[in-house]
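Me: I am new to this structure and would like a close look at a single part of it. Please take one strand and connect it to what lies around it.

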Amino acid sequence: MDDAVSVRDLVVDRGRQRVLQGISCAVPRGTVTGLLGPSGSGKTTLMRAIVGVQTVGSGTVTVLGRPAGAAELRRRVGYLTQAPSVYADLTVRENARYFAVLHGRGRAEADRAVADVGLARAADQLVGTLSGGQRSRASLACALVGDPELVILDEPTVGQDPVLRADLWDRFHAMAAAGTTLLVSSHVMDEAARCDRLLLIRDGRLIADDTPDAVRATTGVDDLEEAFLRLIRASEQEADK
Amino acid sequence: MNFRILAATTGRILRQLRHDRRTVAMLVVVPTVLLTLVYFMYVDQPTVPGRPSVFDRVALIMLGFFPFIIMFLVTSIAMLRERTTGTLERLLTTPLGKIDLLFGYGIAFGLAGVLQSTLASLVAYQVFGLDTAGSQWLVVMIAGLNAVLAVALGLLCSAFARTEFQAVQFLPVVALPQLLLCGLFVPRGEMAGWLQAISDVLPLSYAVEALQEVGAHADSTGTMWRDVAIVAGATVAALVLAAATLRRRSG
Ligand SMILES: Nc1ncnc2c1ncn2[C@@H]1O[C@H](COP(=O)(O)OP(=O)(O)OP(=O)(O)O)[C@@H](O)[C@H]1O
Ligand SMILES: [Mg+2]
């Protein structure tokens, strides 16, 4: 069992809409897997299903050998929501310390998590007064503070400058090298190139599940952005038929 | 239930409150200001010899009612904010138990409510000369319990609200019928049977009866303790029901 996450025929309806139409995919342990796709394609919904907060229609989601949402997994999985979800009326440090306790960690871990996302100097600032990018890093610190085995990050680098983005990606790879599994959604193609594996979804269907090199090879283009456009167009033509 | 997590959650909620100075000031001042209004409303009303003055009768019940509405409103908004800002969804992906969260709110806002009731009753007794046969501290205890009940009901009701607009409207729905039927305006014994039946299932009726017992008797009575037990039971029931309506999974 070397997949941290395996998804079988997952169907999810939200409102009146079928958002995931039978997705099957896997996230291998100890890798950084990228989840890409157009806006509204179902990335957040798939991540919610893996974390176990999404009601699913049918199919199975297995996480670290257990059904998604199992109580025991809550200690082992970290989740960064797309919109920063931290308490605006607490300081960065107070937020990190609270989430640290929830994960059975202490103050030292909390302070390190804050420093690791580059917020050491803003640690005593109220989250409500942070800039947008700082706020999402505060939220990231709270997702990583428990040092979980599996980390689900919904667009962690949005609103960050290039230097910070590079730092964060170095950090993700260091975590993977230490055995952590990461599933990271993104809109930015140069980030796709940094992933060990890529999952590309469009309209709730998986259209690619491969390494970046294999995606380049099958599409015959070097640029991943161009490769994705081709894959998406090809899947659209197939859908029209 | 996990004691460390419960303590951290209570501390977190109190810390949020501490950062919001204006809310703290309002929590402390508003019941006292309202009591002042009540005092001047009734100060010139004639008293029937041998009966408690109208102010004594009304203020005693208001000491229980003001913390009730204030804490109900504060709690429903705070819990709704957890929902709309996504922190609730995130908390539910962590080892935090639903009971840890709800009891955390119950304890934190309950403490705030007890503080509020203590101050308000201090002013009522010392400044406005409120007179009750029983002890002031029994009044504070019942008012504080009322605040905790309001927190529990606020947590429960916030589960049925999607927006702040909806949450605020639960105040008239939940609080006002309890005030109208609690026996302040018309003694419960003189109401139509069906009104009495409604009054009998509303927890505030028992809190008010308990306060009236303290008003009329020098020592705590069996009826008072029974009423206190009923209010405490309703509080726990509301918290457990709120936990049951809190779903980790949503659409
Ligand atoms: N609460 C909801 N109720 C009904 N439909 C929803 C809800 N949330 C999302 N949807 C719909 O589900 C679909 C997939 O949404 P999802 O958030 O998973 O997309 P996404 O790939 O994460 O998009 P983005 O890149 O913009 O974040 C969209 O069509 C969206 O309109
Ligand atoms: Mg999304």
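The request and the reply below stay with one strand first and then follow its surroundings outward.

Me: Which strands pair with β8(A), and how is it covered on its faces?

Reply: The model is predicted, with an ipTM of 0.90 and a pTM of 0.91.

Strand β8 of chain A runs over residues 181–186, and six of its six residues are buried. Both faces of β8(A) are covered. On one side sit A:Thr181, A:Leu183 and A:Ser185, and on the other A:Leu182, A:Val184 and A:Ser186. Buried here stands for a relative accessible area under 20%.

Two pairings of β8(A) can be described. Strand β3 of chain A, residues 32–36, pairs with β8(A) in the parallel sense, and the pairing has five bridges. In that pairing A:Val32 has A:Leu182 as its bridge partner. Strand β7 of chain A, residues 150–154, also pairs with β8(A) in the parallel sense, again over five bridges. There, A:Leu150 stands opposite A:Thr181. Between β7(A) and β8(A) comes helix α5 of chain A, residues 162–177, and these three elements form a right-handed β-α-β unit.

Helix α5 of chain A also has a link to helix α6 of chain A, residues 189–192. A:Arg165 in helix α5 and A:Glu191 in helix α6 are 26 residues apart, and their side chains meet in a salt bridge at 3.2 Å, N to O. Both partners are buried: A:Glu191 counts as such because its relative accessibility is 2%, and A:Arg165 because its value is 19%, each under the 20% limit.

Strand β8(A) also leads into the interior of the model. A:Leu182 is one of the residues with the most contacts inside the largest nonpolar core, together with A:Leu153 and B:Met71. That core has 121 residues. Helix α3 of chain B, residues 54–84, gives the largest share of the core, 15 residues. A second core, separate from this one, has 28 residues, among them A:Val12, A:Cys25, A:Val27 and A:Val77.

On the chain B side, B:Met71 can be followed through its contacts. Leaving out residues up to four places away in sequence, B:Met71 touches B:Leu27, B:Phe109, B:Ala112, B:Gly113, B:Gln116, B:Ala147, B:Ala150 and B:Val151. Some of these names come back with B:Leu17, a residue of helix α1 of chain B. With the same sequence neighbours left out, B:Leu17 touches B:Thr23, B:Val24, B:Leu27, B:Phe109 and B:Ala112. B:Leu17 counts as buried because its relative accessibility is 12%, which is under 20%. From B:Leu17 to B:Ile5 there are twelve residues in sequence and 18 Å in space, C-alpha to C-alpha.

Helix α1 and helix α3 of chain B each take part in a salt bridge that crosses to chain A. The side chains of A:Asp89 and B:Arg81 meet at 3.2 Å, N to O. A:Asp89 lies in the loop between β6 and α2 of chain A, and B:Arg81 in helix α3 of chain B. A:Asp89 is buried, at a relative accessible area of 17%, whereas B:Arg81 is partly exposed, at 42%. The other pair is A:Glu94 and B:Arg18, whose side chains meet at 3.9 Å, N to O. A:Glu94 belongs to helix α2 of chain A and B:Arg18 to helix α1 of chain B. A:Glu94 is buried, with a relative accessible area of 15%, while B:Arg18 counts as exposed at 52% relative accessibility.

These pairs belong to a wider set: over all chains the count comes to 22 salt bridges. Some salt bridges join into a network, which links A:Arg66, A:Glu72, A:Arg76 and A:Glu149.

A last point is the confidence of the prediction in chain B. Its average pLDDT is 92, and 100% of its residues score at least 70. Among the elements of chain B, helix α1, residues 3–19, has the highest mean pLDDT, 96. The lowest mean, 90, belongs to helix α7, residues 164–180.

Methods:
Residues are numbered from 1 along each chain as its sequence is written. Chains are lettered from A and ligands numbered from 1 in the order in which they are written. This is a predicted model: local features need pLDDT of at least 70, side-chain atom pairs count only at pLDDT 80 or more; totals for chains, interfaces and linings use all residues. Side-chain values use heavy atoms; hydrogens and water are left out. pLDDT is the predictor's confidence in each residue, from 0 to 100. Helices (H or I, at least four residues) and strands (E, at least two) are DSSP runs, numbered from the N terminus. A nonpolar core is a set of buried Ala, Val, Leu, Ile, Met, Phe, Trp, Tyr and Cys residues joined through side-chain atoms within 4.5 Å. Buried means under 20% relative accessible area, exposed over 50%, partly exposed in between (1.4 Å probe, protein chains only). Contact means heavy atoms within 4.5 Å. Two strands pair if DSSP finds at least two bridges between them. A crossover is right-handed if, with the strands pointing away from the viewer, the path from the first strand over the helix to the second runs clockwise. A salt bridge is a side-chain nitrogen of Lys or Arg within 4 Å of a carboxyl oxygen of Asp or Glu.
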